[in-house]
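Colleague: I'd like a close look at just one part of this model: its nonpolar core and whatever goes with that core. Please keep it joined up rather than handing me a list.

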Amino acid sequence: MTRSQDIEARAAEWLMRREQPLWSQTDQAALDRWLDESMSHKAAFWRLEHAWQMADRIGALSARDIAPRPSRAGLPLKWWHAGALAASLLLAIAFFGLHSRPALSPQPSVDAFDTDIGGHRIVPLVDGSRIELNTATNLRTLISNKRRDVWLDRGEAFFEVAHIEGSAFVVHAGPRLITVVGTQFSVRRDGDNVTVAVVQGRVLVEDTTPGASSASITVTPGDVAIGLGSSMMVVSKPVAAVEDKLTWRDGRLVFDGTSLAEVVDDFNRYNRQQLLISDPAVAAIRISGTFKASNVEAFVRLLKEAYGLKVELTADGKLKIST
Amino acid sequence: MVDDQVLKEWFCREVLPLERALSAFIRRNWRDAAEVVDLRQDVYERVLLGARHGLPAQAGQFVYTVARNHLINRAKRARIVSFDVVVDLDAISGSDVLDPERQLLAREELRRIQLGLDKLPPRCREVVLLRKIRGLSTRETADELGIGIDTVEKQMTLGMRALANFMLGGSAKVQRSRVPGLLARRPAR
C-alpha cells in the first residue's frame, strides 16, 4: 500500500465510524485531532466525504437499476417487495385525499429547504404534496417515481401527502423512520427526540436505532407519538388538542394549562430574543391562551401585568423572568 | 487564515472537480504510473496549505501551478533528469490551466453512480446499498447478511474509496499515454 492509499484507508475508516450510532464526542475529538495532524489527512477525508455524499443519490436509483445480479439472493430486492406489500395494504386501509396524480419527473434530485428562527415556509413538491416548515427547520427531499424521501435534519414540519399508488412517502427523522399511509401529519425533531402528530390518515413510526429494528407503531388521528431515545410512546388526545399543536401553521401558539417552562421553550424556538426562567416556582406557573408566536413583547407584558412577574434583561441579552 | 469549513467547501466545489484533469496531467508527465495517486494526494495537500492563507481566485490555474511545481521539484530531487529535461519541464503541458469537469446533469450523475456501483465486487456493493438505501449501521448490516462486522467494515471502506475514485474520475484504469511523458526518459547518464 502506498503512502496516500494508507491515508485514504484511514480516512475511510473514520468516515464509516462517524456514521455509526455509537459515535461520541470523544470519537469526534479523536477525528479532529487526526485531521489536524496533517493537511494531507484533511485532503483525503474531505475528498472521500464529498464523494460519499454524492453517493447518497443511490437512494434515487430505481429497483431495476440496483437489482442484484441474478446469481445471488437479492437483499435489496426484499426491501422493494416490502414496499410493494405495504403499498397494497395501504390501499386497503388508507384514508387519502382527492389529490390528482401528477406524472413525476424521471430525474429525481435532492432539494434542501430551510427556515431561520421565526421563519415559516410552505413548499410544494413536484408530486403534489406540500410541506410546511416551522421555525428553525432544515429538511431535504428526494422525489422519484418509486419513492419519496424527506430527511428532517432539525425542526418541525407539517406534511400533506399526495397519495400515489406504489410510491411510499417516508420521513427520516434521526433515529425514527416515518412511513406515511395517510395524509396530514407533523413531525418535530429535537436532536434524537421525535414527535409525530397525526391530523388525518395514519402513519407508521419505526425505530431505526440498532437492536430496536422491529419496533414500530401506527399512529392514527388524534395520536401523538413521542420517541425519546430508545422508548416510544403514543398519547391519545382529542383531535382538537392535536390541532392546537399545529397552530404554528398560522403563526399562533395555543396553550391550555401549560407550564410556563414549556411555554418559554416554545417562544424560544420562534424568537431570537430568548427567555430565561431562574426559579422553579415560576417555571411551574400554568399558562392558558393564544399568542402570536413572534410577539415576545406582548407575552412578556402579559407576564408582568397579569401575573405580576418581574422581567429583566441579563448581561447576555436574555429576558429573565422571576417573581 | 481561511476557516476550515470555508476551505473544505472551496476544496469540494473548486478543486475536486479538477481531479480527472489533474490525474491526466500527472500521468502524462510522470514516468511511474504507480506514483500518480501519491502525487495527486501531494498536490491536494499543497493546494490546501497554500489556499489556507487566502482562497485563490482561479482554482484551475492555481492547482495547475502547484502540480507543475511539485512535479519539477520531485524530478529534481529524484535526480532522474538531466538539465535539458528540466528546461523542457518549463514547457510542460500545452495548457496552463486545468479544466474542471463539466457539471454533470442530475441524470448523468446518477448514471455514473450506478456504473460505479456496478464495478464494485458483489459483497461490497451489497454493503454499500444497505447503508445508502436502508441506512443500516455496520452492526445491522452484519446481522442482516449474517457476516462478521469486521467484514462489513472492510467492505464498506473499500466501497467508499472505490466509489470516490470512480465518481471523481481519478482511477479509471491507469492508461499509459501513447506519447511517453517528458519524464519517461530515463536519465541519459
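Modeller: Here's the core, followed by the chain contact and one helix pair beside it. Keep in mind that this is a predicted model, so local features need pLDDT of at least 70 and side-chain atom pairs count only at pLDDT 80 or more, while totals for chains, interfaces and linings use all residues. Numbering starts from 1 along each chain as its sequence is written, with chains lettered from A and ligands numbered from 1 in the order written.

The largest nonpolar core (buried Ala, Val, Leu, Ile, Met, Phe, Trp, Tyr and Cys joined through C-beta atoms within 7 Å; buried is 20 or more other C-betas within 10 Å, placed from the backbone) has 58 residues. Leu48(A) and Ala51(A) are among those with the most contacts inside it, and so are Leu22(B), Val47(B), Val63(B), Ala67(B) and Met160(B). Helix α9 of chain B, residues 149-168, is the top contributor to this core, with nine residues. Beyond its neighbours within four places in sequence, Ala51(A) is in contact (C-betas within 7 Å) with Leu163(B), Ala164(B), Met167(B) and Leu168(B). Another core, of 30 residues, lies apart from the largest one and includes Leu125(A), Val150(A), Val219(A) and Ala225(A).

Zooming out to the chain contact, 44 residues of chain A touch 40 of chain B. On the chain A side, α1 (3-18), α3 (39-54), α4 (63-66) and α5 (75-93) each supply at least two residues; helices here are DSSP runs of H or I, at least four residues. Of these, α3(A) gives the most to that side, with 12 residues. By class, the chain A side splits into 23 nonpolar, 11 polar and 10 charged residues (nonpolar is the core list plus Pro, charged is Asp, Glu, Lys and Arg, polar the others).

Back in chain B, α9(B) also meets helix α7(B), residues 122-134: their axes (lines fitted to C-alphas over the stretch in contact) come within 8 Å and cross at roughly 85 degrees. That makes α7(B) roughly perpendicular to α9(B), a label for 65 to 115 degrees. From α7(B) come Arg123(B), Cys124(B), Val127(B), Val128(B) and Arg131(B). Across from them, α9(B) brings Val152(B), Gln155(B), Met156(B), Leu158(B) and Gly159(B). This helix contact comprises six nonpolar, two polar and two charged residues.

Key: A residue is buried if 20 or more other C-beta atoms lie within 10 Å of its own, exposed if 12 or fewer, and partly exposed in between; C-beta atoms are placed from the backbone. Two residues are in contact if their C-beta atoms, placed from the backbone, lie within 7 Å. Axes are lines fitted to C-alpha atoms, for helices over the stretch in contact, and angles run from 0 to 180 degrees between N-to-C directions. Angles under 35 degrees count as roughly parallel, over 145 as roughly antiparallel, 65 to 115 as roughly perpendicular and the rest as oblique.
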